[in-house]
Structures are given as structure tokens and as C-alpha cells.
Number of protein chains: 2
Amino acid sequence: MVEVISLHKIRVGIVGYGNLGRGVEMAIRQNVDMELIAIFTRRQPEGVSANSEVRHISEIESYIGKIDIMILCGGSATDLPEQGPHIASMFHTVDSFDRHAKIPEYFDLVDASARRNGHASVISTGWDPGLFSLNRLLAEAVLPEGNEYTFWGKGVSQGHSDAIRRIQGVQNAVQYTIPNEDAVNMVRSGKDPVLSARDKHLRECFVVAASGEDLSRIENEIKTMPDYFADYETQVNFISAEELLEKHSFMPHGGLVLRSGKTGVNSKQIIEFGLKLASNPEFTASVLVAYARAIHRFAKEGFAGAKTAFDIPFGYLSPKSDEQLRKELL
Amino acid sequence: MVEVISLHKIRVGIVGYGNLGRGVEMAIRQNVDMELIAIFTRRQPEGVSANSEVRHISEIESYIGKIDIMILCGGSATDLPEQGPHIASMFHTVDSFDRHAKIPEYFDLVDASARRNGHASVISTGWDPGLFSLNRLLAEAVLPEGNEYTFWGKGVSQGHSDAIRRIQGVQNAVQYTIPNEDAVNMVRSGKDPVLSARDKHLRECFVVAASGEDLSRIENEIKTMPDYFADYETQVNFISAEELLEKHSFMPHGGLVLRSGKTGVNSKQIIEFGLKLASNPEFTASVLVAYARAIHRFAKEGFAGAKTAFDIPFGYLSPKSDEQLRKELL
């Protein structure tokens, strides 16, 4: 049972209402210390079907004082670089900015805006970046002498699915990235293999071809596509449009972070963190909501600026008090 | 590559030189930002064989100003309840106090002593309590609707090994606790089983009997022993003293923390954290050393009092700067 610390619920807003935003809306309902005040969208609010108040993004400023924290659910390519710093000037924020190479630059922009306006923001959380990053850090700090391995999947890669769809004669396609079990088992057994991305992953494709197309030509074009498939073990399955819709329109994902290290004279030590997710966006949303709680607590303590998951103690993620956590979960 | 932040190494002392203390001594050598100043023991220092300076525990006070942080490697039954609060009055400390039910009380004692004397202490770290606790907290915060499962092993249980050794006619014994693979797989597949400790674990015993003893009597006494074995699937193997020494004198351990949760309408989400350790004390030691770095940083920031792993951001565990971590590991 959660002894709720504060009588006031954390008032949350959602910016962007795609898969991730819908996941956040549902995740907030699982957290008794939070309430969803409004969803902000660039679309016409009347056209958006949600179980909550929906407002046009242009009205966001009028919610200053009514919403504590905004969970930013836009994309990392163009939405967040603009929205992140801007909204951090008005509210505390959480986001899942996931362009690894751009994180330092994005951090500085959000940090400057939040700091200048007395707000607190956590950027780039979710599961990768996010929980996977935390486990990479932890394992490296505990086992400085060792090797780290990240495997992704089984999960849909939008980029690879799109690449198949661009092939002539393909009507639709879904591509799953799948960890190579042999590679995973080599790491788990402490063999410390040297593995490239292609050694670690298989690619499984489900393709709907237009009628009359030469399937072997399509299969060959997929398997020889440079960068995307040529270097990987790739499996191609042709199926009907109905079967694709029925069996492959979910968004599972997951993966593993492993570190194989050595202590003492020669003791092999293996740390493994894994996720098996039926819904990638709903899980990412659940992580964002827990970090919303954390950054709200930092804000109440007077912190202004940006943080990442690396800067946040796990105790801040929970609605339970520090005393309760020590008693129940340590 | 680690860009060492400070020119001064963290000066570490070790209190207690059993398996854990020796593990800490070796772990410090893997961390370039630390140096071991001295080991403190209750034995006669001349009789202790170590690769470092060894001092009698009565000299510890003379090291104030020469050592930043003491890593306490005594036992939780009688050593730490006395040493923890006492040494926290002189130095920053780290310990692995592992009596779960006593943690709140122990926390308060160390916290009061450290606070009064301007020191910083982290208690009850290692892997359980420690990394397992962190994963229980994280998974519960991210997936509030779900079930948590902890499995221990494969690893030696000293308590169960001792219980076998007390049986008449037994010369020596080692007992391994082993997770039940069927139970683990049920959890991994999202079946949310209701499992007792006996459902989750098997017990494998290696026993050296005195010559001429009735082995079936010993086996029966083991398998029917209340609390320890009667409720478990127990396997008994009689082996020679030589084989026990050769094959079963290591200290492997490990385990799994799993959470099976639900998001959205009905999406099953599984979070798993696992350890496979060739040396339990060396791994615990490696965790203690990483937390020594973290609490030293809190001390430099002016914090006084006690913390647990729940209160410490992972970034503090690493010798890398926050900037480097964001760039390399997020």
C-alpha cells in the first residue's frame, strides 16, 4: 500500500497525443498521486478522441499555475528540439529525446531554459536512452574491467520496415530485430566474444507484395540492401495484408544489457538487465510518468535546470516515503 | 577512458579482513581514482597476510585526516551494529548491513552518528540488499500494477550447509540454493504464478559422510529437516572430502529480480535483472567500492548523515564526469 506523502496530487499535462501520449494518459491512471489536467495537440482539439481534456497547443501558456509538469510526447527529430527548451521555460518537463549523438547539445538547451525560468526538467528518459543507459552505467561502475553488450529486440524497427516498403511491388512490411540467441548465450556464459551489430541481431521481415510481383526479386532486393540488411542474417516471409494487420500491428520490443566482468584474480561476474515489452510506447510512457514524479520532487526542493536519469536517485521515482522504501524494498 | 575529475585520489580504509575485505582490497586496484591506505583488523596485524598496510583496529582513530572513507567489511550479526555508528563518528563509511528487518533501526543509528559528526555514510549496499533492492524499487515505480519475484542462486547457503553439518555422521557439506527453472520460465512468460519460496527454489546438497555411516539415514534426516529442507525439492549427493574441496569450495551466487506488470488495456511488460557471480564476496566488494565513490562525492558536497542505495543517483557511482556520462552512456 502506498502512503501518499502529499495531499496534493501532481498535476500533469501531456504535449503530443500519438502512441506515446496515449500511453502516458493510461499510465497516469495507474498512479494515485497524479492527475491528468489536459492534453495539448497541434491538431484541432475537437478532432481528437481522448478520455481527457484536449486543448490546442497554442493555449498551453494559459495553464501556467494549473499544471505542475508537462510530459513531452513529441518526436525527437523535429518536435523536441523546439518544444523541449520552449516548454521548459513555462513548466517542469519530462521527455524521451532519443537521438544519442545530440543529447549533450539538447541537454544544454533545456538546462539553460529551465534554469533561467526556475523550472526542473528531465530529458532523454524511457528505456533506451533511460533504463538501459542506467544499467550500462551501473555495470561499468561496479565491474570496471569487463565488456558491455546491448541487444535489441524482439521488436519492430520502423526504419527497416520503411526501407522494405520503398521497394517496388511491396505494399506493406514489418521488420523485427531479433537478438541472436547464440550470441546472447556466448555472452551469458562469460566467453567475452567480440560481436558486431550483425553478429548480435537477426532480421525477420513480413512483407505484403502486390499481386503478380516476382517474390524472389523482392526477397533478393531486401537481403542485399546495403546498411539495412546486406550484412545481417535476414529472413523474408510473404504474407497477406490481412495477416499482417492481424498479427503484426502490435508494438512489442525489448532487449538486453549485459556486462561480463572480472574481479579478483579471475572471477567472472555477469550482470544482466532485460525487458520484454508487449507495448513499447506504453512502457516508455510508464517510465516517463515515474520520472515526472522524480523531477517534480526535485522542483519542490528548489532545483532548477535539467537532469538525466543518471542524476536521479531511484527513491525519487516512487510515491512511497524514504522510510517506507527502506522498510519494504531494501 | 576515464577522465579523472580530481587530482586527489579517494583515500580508502578497510575494516575487517575476511572474504569481503579481501574482495575490497582487490576491487580498489581496479579503480584508478582510489588508493587503499590501510586495513584494520581485530587480529594481531603481524599475523595477517595482505598486500597492504595492516593495523590493529585500536589504531583507527590515528587515521583521521589520512583516510577519507572506511569500507566496513564486518558481519551484520554483531560487528556492524557496533562498528557502523562508531566509525561513522570518525570517517565517512560504506557497509553491507544485510539484516533486512533491522535496516530501519540501523539506518537511524548510523544516520544520527554521521550527522552529529559531519560525516556521510551509505548503509546496506551490495547486491541484496543493494542492486536487487534498486531493481525492485525501479520496477515497482515503472509498473505499479504487477507482481515481483526474487529468485536466489545458484549459490551456497551457509545456513543450510551448517544445518547439514550438524547431522550425526556428517563430516562436511555444501548446500546450493537453485532457482526452479520451471518457475522462472512461468514468470518470464507473463503467467503471473503465485509462488512460495519452495516453489521457486531447489536445494542441492553435497555431503561428506564419515565412513561406515548409513547414508540413507543421513539423506532422510536432511530431506525431512523442518524449515530448512522438508518443504523443498532436495537432492542429496554423497561425495569424498577431496571432491568437496576441489569442486565446492568456491563462492558462486546470483539470482533474479523479475517484475511482471501490465500497462494500458492489457499489455504485459516484463523487467528482469539478473546476476551470475563466480565470487559472491568479490562482487559485493565491487559494489561497496562504487558506493564509496558516491558517498565521498556527497560528503564533498557537504552532506552529513546516512543514505541507502535508494538515495544515490547512478552518476555518483562512476569516476566519469556528468558530461562524459551523458555523451558516452546515455
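Contact here means heavy atoms within 4.5 Å. Keep that in mind for the exercises below, and remember that this is a predicted model.

**Exercise 1. How many residues of chain B are in contact with chain A, and how much area do the two chains bury between them?**

Solution. Start with the contacts: 63 residues of chain B touch 63 residues of chain A. Now go to area. The size of an interface is often given as the accessible area lost when the parts come together. For chain B and chain A that comes to about 5,600 Å², with 62% of it on carbon and sulfur atoms. Who gives up the most on the chain B side? Gln30(B), Phe314(B) and Leu330(B) lose the most area to chain A, and together they make up 15% of what that side buries.

**Exercise 2. Work out which polar links cross the interface of chain B and chain A, and which elements of chain B line it.**

Solution. First, count the salt bridges: there are 2 between chain B and chain A. One of them joins Lys320(B) to Glu140(A), with the closest N and O atoms 2.9 Å apart, inside the 4 Å cut-off for a salt bridge. Next, widen the search to polar contacts, and you get 33 residue pairs across the interface, both partners at pLDDT 80 or more. Then look at the elements of chain B giving two or more residues to the side that touches chain A: α3, α4, β12, β13, α10 and α11 of chain B. β13(B) gives the most, with 11 residues. Finally, sort the chain B side by residue class: 31 nonpolar, 17 polar and 15 charged.

**Exercise 3. In what sense, parallel or antiparallel, do β13 of chain A and β13(B) pair?**

Solution. Lay the strand at residues 267-277 of chain A beside β13(B), and the pairing turns out antiparallel, over 9 bridges. To pin down the register, take Gly274(A): its bridge partner in β13(B) is Glu272(B).

**Exercise 4. Split chain A into domains, then trace the open sheet that holds β8 to β11.**

Solution. Domain 1 of chain A covers 10-128 + 281-329, and domain 2 covers 155-251. Their centres, taken over C-alpha atoms, sit 33 Å apart. Now for the sheet: 4 strands of chain A run in the order β8-β9-β10-β11, with mixed pairing. β8 (155-156) and β11 (233-238) of chain A are at the edges with a single partner strand each, so one side of each has no neighbour in the sheet. Zoom in on one pair: β10 (residues 201-209) of chain A and β11(A) run parallel over 6 bridges. There, Leu202(A) stands opposite Glu233(A).

**Exercise 5. Where do you find the cis peptide bond of chain A, from Gly153(A) to Lys154(A), and the positive phi of Asp227(A)?**

Solution. Begin with the usual case: most residues other than glycine have a negative phi, and most peptide bonds are trans. The bond from Gly153(A) to Lys154(A) is cis, with omega near -5°, and Lys154(A) lies in the loop between β7 and β8 of chain A. Check chain B too: a cis bond joins Gly153(B) and Lys154(B), omega about 0°, with Lys154(B) in the loop between β7 and β8 of chain B. Last comes Asp227(A), not a glycine but with a positive phi of about 70°. Look for Asp227(A) in the loop between α8 (215-223) and β11 of chain A.

Terms used:
Residues are numbered from 1 along each chain as its sequence is written. Chains are lettered from A and ligands numbered from 1 in the order in which they are written. This is a predicted model: local features need pLDDT of at least 70, side-chain atom pairs count only at pLDDT 80 or more; totals for chains, interfaces and linings use all residues. Side-chain values use heavy atoms; hydrogens and water are left out. Buried area is the accessible area (1.4 Å probe) that two parts lose on being put together, summed over both. A salt bridge is a side-chain nitrogen of Lys or Arg within 4 Å of a carboxyl oxygen of Asp or Glu. A polar contact is a pair of N or O atoms within 3.5 Å; within protein, one must be able to donate a hydrogen and the other to accept it, and residues adjacent in sequence count only if both atoms are side-chain atoms. Ala, Val, Leu, Ile, Met, Phe, Trp, Tyr, Cys and Pro count as nonpolar, Asp, Glu, Lys and Arg as charged, and the others, Gly among them, as polar. Two strands pair if DSSP finds at least two bridges between them. Domain bounds come from an automatic or database domain assignment.
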